[in-house]
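The following exercises concern aromatic pairs, nonpolar cores and overall composition. Please work through each task before reading its solution.

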Amino acid sequence: MTYPPSWRVEAPECAASLMDEHPFAHFVTAHGELQSTRIPMLADLVDGAPARLRGHLNARNPQCEGLNGVDALVTFDGPASYVSPNWRIQATRAGTYDYEEVQVRGRVRVVDDIDWFRRLVDDLAGRIEPRHADIGDYPVWTTAMAPEGYVERLFPAICAFEVEITSVRVISKLHQSFPEADRRSVADHLSRSAQEQSRAVAAKIRATLD
């Protein structure tokens, strides 16, 4: 699909930020058949740009069979919200969705290295758990806190891998094709929503206007 130029964001730091904020990604491959699994994935940066992804699957997942060396599409979903025609100045065009997304393409390499897997689990916990600190005063979990032998017993049941990135595309559809008055009106309406994602989209629209 060809996206309008106004929807594309070329700055690599924007991709890195969205991937960091929304690590629960869609991991899609088409070897044998089209398959998709949602898993948390980490992006490793080189000079501020995403260079590779790290993740793991349950080894019983059919997507693991023949995974090494295949091409993959990984998508990271940013905030998204429905936009009603009623929220614009003139309700003459149909409703739509505004959203942000990162699309990553690359080549998969299966990693049979327990220390690599241990670092992955620790890095995932270290990145994600602090965002839930409001739930309780707990230390960030690490594999060192697991019972002796736990990781060794777990490792054969997973398929660890990395994706060497060949392309990154950021899509930011925030009502750019509409007049400023419509965009401000949409942002005002979304900011009053009980839906957290709708309020996040409102903030992003406003950021493009201010």
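**Exercise 1: Aromatic pairs**

The count of aromatic pairs comes to 4, where rings of Phe, Tyr and Trp (its six-membered ring) pair if their centres lie within 6.5 Å, and planes under 30 degrees apart count as stacked, over 60 as edge-to-face and the rest as tilted. The model is predicted: local features need pLDDT of at least 70, side-chain atom pairs count only at pLDDT 80 or more, and totals for chains, interfaces and linings use all residues. Residues are numbered from 1 along each chain as its sequence is written, and side-chain values use heavy atoms, with hydrogens and water left out.

Task: Classify the pair Y82 and W87 from the ring centres and planes.

Solution.
- Step 1. The ring centres of Y82 and W87 lie 6.2 Å apart and the planes stand at 70°, so this pair is edge-to-face.
- Step 2. For Y82 and Y97 the centres are 5.8 Å apart and the planes are at 65°, so this pair is also edge-to-face.
- Step 3. Y82 belongs to strand 6 and Y97 to strand 7, so the pair ties together parts 15 residues apart in sequence; strands (E, at least two residues) and helices (H or I, at least four) are DSSP runs, numbered from the N terminus.
- Step 4. Y82, W87 and Y97 form one aromatic cluster.
- Step 5. Y82, at 37% relative accessibility, is partly exposed, and W87, at 25%, is partly exposed; buried means under 20% relative accessible area, exposed over 50%, and partly exposed in between (1.4 Å probe, protein chains only).

**Exercise 2: Nonpolar cores**

Task: Determine which residues have the most contacts inside the largest nonpolar core, and which element gives the largest share of this core.

Solution.
- Step 1. A nonpolar core is a set of buried Ala, Val, Leu, Ile, Met, Phe, Trp, Tyr and Cys residues joined through side-chain atoms within 4.5 Å.
- Step 2. The largest such core has 24 residues, and F27, M41, L53, F76 and F161 have the most contacts inside it.
- Step 3. Elements giving two or more residues to this core include helix 1 (12–21), strand 5 (49–58) and strand 8 (158–173).
- Step 4. Strand 8 supplies the largest share, 5 residues.
- Step 5. Beyond its neighbours within four places in sequence, L53 is in contact (heavy atoms within 4.5 Å) with residues including M19, M41, V74, F76, V104 and F161.
- Step 6. A second, separate core of 11 residues includes F117, L120, F155 and I158.

**Exercise 3: Overall composition**

Task: State how many helices and strands the protein has, and what percentage of its residues is buried.

Solution.
- Step 1. The protein has 5 helices and 8 strands.
- Step 2. Of its 210 residues, 41% are buried.
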